[in-house]
Amino acid sequence: MKKIAVYPGSFDPITFGHIDIIERAVTLFDKVIVTVSQNFEKTPWFSVPERCEMIQSSVADLSNCEVDHFKGLLVEYVSRKHATAIIRGLRALSDFEFEFKMALMNRSLAEDITTVFMMPHAKYTHVSSSLVREVAGLGGDVSMLVPAHVAGMLKKKFV
Ligand code: PNS
């Protein structure tokens, strides 16, 4: 049986930290579905198609990686896709409490789905989509934080 994992997130926008996680995940699973999901706590800057497009161009060379989006409960989506794992990145201890609660909630909703936490390279510990938006919005250089096409999308957004 193929091992399928879902990597959900807001990806508003995708960063080198996310890409680092995806590149590690595709070596562990037969297929990784990176899916733009709705976070009820956040108002996204980029539309779902824009975010999917940015992800797609960032993972184009990874043959076992798909890009998708969904609305609704994550565990239901994971089941529909016949996946058994949810991938989440952990950068620092500060991420842990939220991630821990979410993983336990997802497990209580679907016992057969396991959350797998992965750490990006230490050089991405400080990288988050919200800081990328802030730096880009204030005219700063984000070329070391996101791929060139994402930097271009950010620039367009703020012009
Ligand atoms: O990148 P984010 O914003 O930290 O990702 C959070 C996300 C989108 C994965 C989370 O909010 C989510 O799973 N949303 C889907 C709705 C859902 O299933 N909520 C219950 C989670 S316990």
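This report looks at a ligand, the pocket around it and an unusual loop.

## What you're looking at

The model here is predicted: local features need pLDDT of at least 70, side-chain atom pairs count only at pLDDT 80 or more, and totals for chains, interfaces and linings use all residues. Residues are numbered from 1 along each chain as its sequence is written, and side-chain values use heavy atoms, with hydrogens and water left out.

## Who surrounds the ligand?

Start with the ligand's neighbours, meaning residues with a heavy atom within 4 Å of it. There are 14 of them, and S10, N39, K42, L74 and R88 come nearest. By type, this shell splits into 5 nonpolar, 7 polar and 2 charged residues. Here Ala, Val, Leu, Ile, Met, Phe, Trp, Tyr, Cys and Pro count as nonpolar, Asp, Glu, Lys and Arg as charged, and the others, Gly among them, as polar.

Helix α4 (93–109) and strand β1 (4–9) each put at least two residues into the shell, and α4 gives the most, with 3. Helices (H or I, at least four residues) and strands (E, at least two) are DSSP runs, numbered from the N terminus.

## Polar contacts

Now for the polar contacts, which are pairs of N or O atoms within 3.5 Å. Oxygen atoms of the ligand take part in two of the pairs described here: one is 2.8 Å from a side-chain N or O atom of N39, and one is 2.9 Å from a polar side-chain atom of R88. With Q38 it's the backbone that joins in, as one of its polar atoms is 3.0 Å from a ligand nitrogen. On its own the ligand exposes 550 Å², and the protein buries 84% of that (Shrake-Rupley method, 1.4 Å probe).

## The largest pocket

Where does the ligand sit? It's in the largest pocket, with more than half of its atoms within 2 Å of the pocket's grid points. A pocket is an open set of points on a 1 Å grid over the protein atoms alone, where a 1.4 Å probe fits, with protein on both sides within 12 Å along at least five of seven lines; lining residues have an atom within 4 Å of a point.

The lining has 46 residues, and G9, S10, N39, K42 and R88 lie nearest the pocket's centre. Helix α4 supplies the largest share, 10 residues.

## An odd loop

Most residues other than glycine have a negative phi, and most peptide bonds are trans. In the loop between β1 and α1, F11 has a positive phi, near 45°. P13 is found in that loop too, and the peptide bond from D12 to P13 is cis, with omega near 5°.

Definitions and conventions: A polar contact is a pair of N or O atoms within 3.5 Å; within protein, one must be able to donate a hydrogen and the other to accept it, and residues adjacent in sequence count only if both atoms are side-chain atoms.
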